[in-house]
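Good morning, colleagues. Please look at the sequence and the structure on the screen, and I shall take you through some of the features one at a time.

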Amino acid sequence: MRTPFIAPTLTLALLVSACNLTPGVQAPRTLDAAGGTVMSSNNLATLVVPAGALSQKSVVTLEMAGNVAAAPAGLKMVPGTAFKLSGDHPLQKTATLTLKYQASSIQRQNTLEDTLALYQLANNLWTLVAGGQLDPAKSTFTAQVQQYATYALMYTQGTQTDPVASVQIIQQSPSVVLGDMITLTALAKNSKGEGLALLPTDFSWTSSNTAVATVDSAGKVTGKMEGKATISASAQGKTGSVEVSVIKATGTPATYTVHPVPLPAGELGSYGLAFNNTGQVFLIGSHLAGGVVESYYFYDGTSVKPVTLPNGYRASSYGSSLSRTCVNTQGQVAFTAVATDNSGGKVFWLDAGTVTAPAFASGQRMVRGCNDSGQVLSSNFLDFLHPGNQLYTAGGAVQNLPDLMAMALNSKGEVLFTDQVFAGGKGTKLPVPTGALGSVGRDLNDQGVVLGLAFKSGTPDSSLFLWDRVNNTVREFGYPSDAKGTPGAVDVNNKGEVLVTGKDSTGQDAMWVYKNGSYTRVKYSGWNPGVGVAINDEGWILTSLESIAGNNSVAVVLKPQP
């Protein structure tokens with residue numbers, strides 16, 4: 001099992017080839033034969049399209065990095081509509097794309113008006129992220145876009161169509177767990193019962209009780225408190241409704257027994273860094289000797305043994321917190337030690353009490369994961385912009401990996417990066433849940449299930465999701481109802497159980513386990529509140545706690561009572 005990794009906040013910029021832009025100064029760029037122009041300034045990228053530049057069912061692909069992807073099935077590429085943004089854009093995670101159009105050119109033919117739809121390519125699938133009817137009173141179309149993603153704009157000219165005779169919400173008797181989200185789907189039909197091509201945002205969505213459940217413009221429902229609320233979707237004066245039940249997370253707070261790891265002799269306290277399914281723990285101890293002195297130890301389930309490091313290296317809680325220490329099923333450990341002169345770090349391998357150094361590239365390294373096959377994943381020490389990832393195999397072979405921030409390695413040799421899973425020599429982009437601005441990977445289990453974080457606008461500004469890559473399904477879920485602020489999801493085990501840790505509503509440290517669609521609060525007695533490090537396949541939790549008697553914190557394993 002792996003220790004958690006919290007990525008530092010980075011300022012990202014678009015990958016471009018033209019000259020730089022001075023922040024705050026607008027600079028037009030001629031794009032192509034279509035005559036489009038991009039106006040760029042802080043956090044704003046505006047595409048100005050003249051009259052006639054878009055024709056019916058034309059597609060404009062917005063390329064932020066990489067190759068222009070193929071158009072969605074059934075859409076026609078029109079010459080001169082592909083373009084790239086040029087110049088450096090001082091953006092953070094997202095930007096606002098604004099499409100300006102001439103209001104006088106809007107077609108209004110019976111019930112279907114001119115529409116624009118923005119699609120994003122993720123996991124080889126095109127997903128609608130924004131769209132709707134063009135408003136002649138505004139003459140602009142805006143949407144949130146993120147960096148390093150591929151988009152397509154589809155313009156559909158107004159055509160003759162049948163009026164809406166009825167609206168139906170497809171889901172029947174839906175329910176949502178308190179704090180979770182579900183997306184409802186509305187279907188408009190004509191008088192013959194035939195479905196009509198309306199976008200999700202062409203419907204007006206409302207909730208009869210926003211204190212119980214809210215709904216956004218795309219039909220995504222969020223459970224706010226226990227109870228029932230009627231969610232309605234309307235189009236052209238016709239309405240369809242369904243009653244949504246908001247239910248409390250199943251189960252009461254679960255009681256765990258506390259199993260302290262024996263405190264090594266002479267140490268004042270200890271902290272667990274990683275453990276496996278049998279409860280073997282790699283930990284760090286500390287004592288005072290002219291300052292704080294730290295040492296590594298391995299607990300085999302019976303006794304604690306010191307780990308002897310090569311000359312020139314020392315244990316470091318700081319270096320370990322930034323890397324991902326790993327203990328595999330055989331009790332082998334991949335860990336990071338820091339040079340005694342503080343010049344950097346190095347990856348080491350512990351096997352049956354013997355410490356060796358995998359032959360990675362020269363330079364300072366830190367561990368990012370390991371598995372039962374003896375593979376070790378490493379990156380450049382504290383260099384998050386140029387990680388220089390490498391995968392070491394027990395036979396001595398070293399494979400260079402994409403230069404992205406590595407997050408986890410599973411038993412199949414698959415590597416999770418912040419925005420993709422690398423397997424079989426190729427990367428697959430993480431999905432972006434409907435309505436989210438972007439997503440980032442946090443952990444990867446041996447079944448290939450990805451634990452991810454979805455960024456949003458508004459409050460809360462994020463949510464969690466599990467991506468089952470085998471069945472290509474995404475389950476999005478919120479945070480515990482008794483959590484304060486935004487807690488962190490640190491680990492997912494091979495049963496799909498997620499360990500979430502943070503502050504509860506009273507401001508105390510707390511832990512929750514998300515499984516089977518609901519949260520369970522982790523409870524124990526005799527010890528002060530603490531935060532979790534990892535969860536194994538037995539449901540055991542590795543953490544460090546301080547006893548109520550006031551002793552220093554020690555590494556412990558929490559086991560759920562039957």
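In this predicted model, Lys559 lies over the face of Trp540, at 4.1 Å from the centre of the ring.

Let me turn to Leu545, which is found in strand β49, residues 541-545. Is Leu545 buried or exposed? Its relative accessibility is 0%, so Leu545 counts as buried. Leaving aside residues up to four places away in sequence, Leu545 touches a set of residues that includes Val258, Tyr524, Trp527, Asn528 and Pro529. Also among the contacts of Leu545 are Gly530, Asn552, Ser553, Val554, Val556 and Leu558. I would also draw your attention to Pro260: 285 residues separate Leu545 from Pro260 in sequence, yet their C-alpha atoms are 8.7 Å apart in space.

I come now to strands β23, β24 and β25. Strand β23, residues 269-275, and strand β24, residues 281-288, run antiparallel and are joined by six bridges. Within this pairing, Tyr271 stands opposite Ile284 of β24. The two strands β23 and β24 form a hairpin, with five residues between them. In the turn of that hairpin, Gly279 has a positive phi of about 90 degrees. On to the next pairing: β24 also pairs with strand β25, residues 292-299, in the antiparallel sense and over eight bridges. Here Val281 stands opposite Tyr299 in β25.

The aromatic residues deserve a word of their own. As a general remark, a pair of aromatic rings is described by how far apart the centres are and by the angle of the planes. How many aromatic pairs are there? The count comes to eleven. One of them is formed by Phe282 and Tyr296, and this pair is tilted, with 5.1 Å from centre to centre and 40 degrees between the planes. Because Phe282 lies in strand β24 and Tyr296 in strand β25, the pair ties together parts that are 14 residues apart in sequence. Phe282 and Tyr296 are both buried. They also belong to one aromatic cluster, together with Tyr313, Phe335 and Phe348.

Next, the covalent cross-link. The structure holds one disulfide. Which cysteines does it join? The disulfide runs from Cys326 to Cys370, with 2.0 Å from S to S. The link of Cys326 and Cys370 is left-handed, with -80 degrees about the S-S bond. Distant parts of the chain are linked by this pair: Cys326 sits in strand β28, residues 326-327, and Cys370 in strand β32, residues 365-370, 44 residues apart. Cys326 and Cys370 are each buried.

Finally, I should like to show you an open sheet of three strands. Its order is β15-β19-β18, and the pairing is antiparallel. Why does one side of β15 and of β18 lack a neighbour in the sheet? Strands β15, residues 181-183, and β18, residues 213-215, stand at the edges and have a single partner strand each, so one side of each is left without a neighbour in the sheet. From one strand to the next, the twist averages 20 degrees. Strand β19, residues 220-223, is joined to β18 by three bridges, and these two strands run antiparallel. Among the residues involved, Ala213 has Gly223 of β19 as its bridge partner.

Thank you for your attention.

Conventions
Residues are numbered from 1 along each chain as its sequence is written. This is a predicted model: local features need pLDDT of at least 70, side-chain atom pairs count only at pLDDT 80 or more; totals for chains, interfaces and linings use all residues. Side-chain values use heavy atoms; hydrogens and water are left out. Two strands pair if DSSP finds at least two bridges between them. Helices (H or I, at least four residues) and strands (E, at least two) are DSSP runs, numbered from the N terminus. Axes are lines fitted to C-alpha atoms, for helices over the stretch in contact, and angles run from 0 to 180 degrees between N-to-C directions. A disulfide is a pair of cysteine sulfur atoms within 2.5 Å. Buried means under 20% relative accessible area, exposed over 50%, partly exposed in between (1.4 Å probe, protein chains only). Rings of Phe, Tyr and Trp (its six-membered ring) pair if their centres lie within 6.5 Å; planes under 30 degrees apart count as stacked, over 60 as edge-to-face and the rest as tilted. A charge sits over a ring if NZ of Lys or CZ of Arg is within 6 Å of the ring centre and within 35 degrees of the ring normal. Contact means heavy atoms within 4.5 Å.
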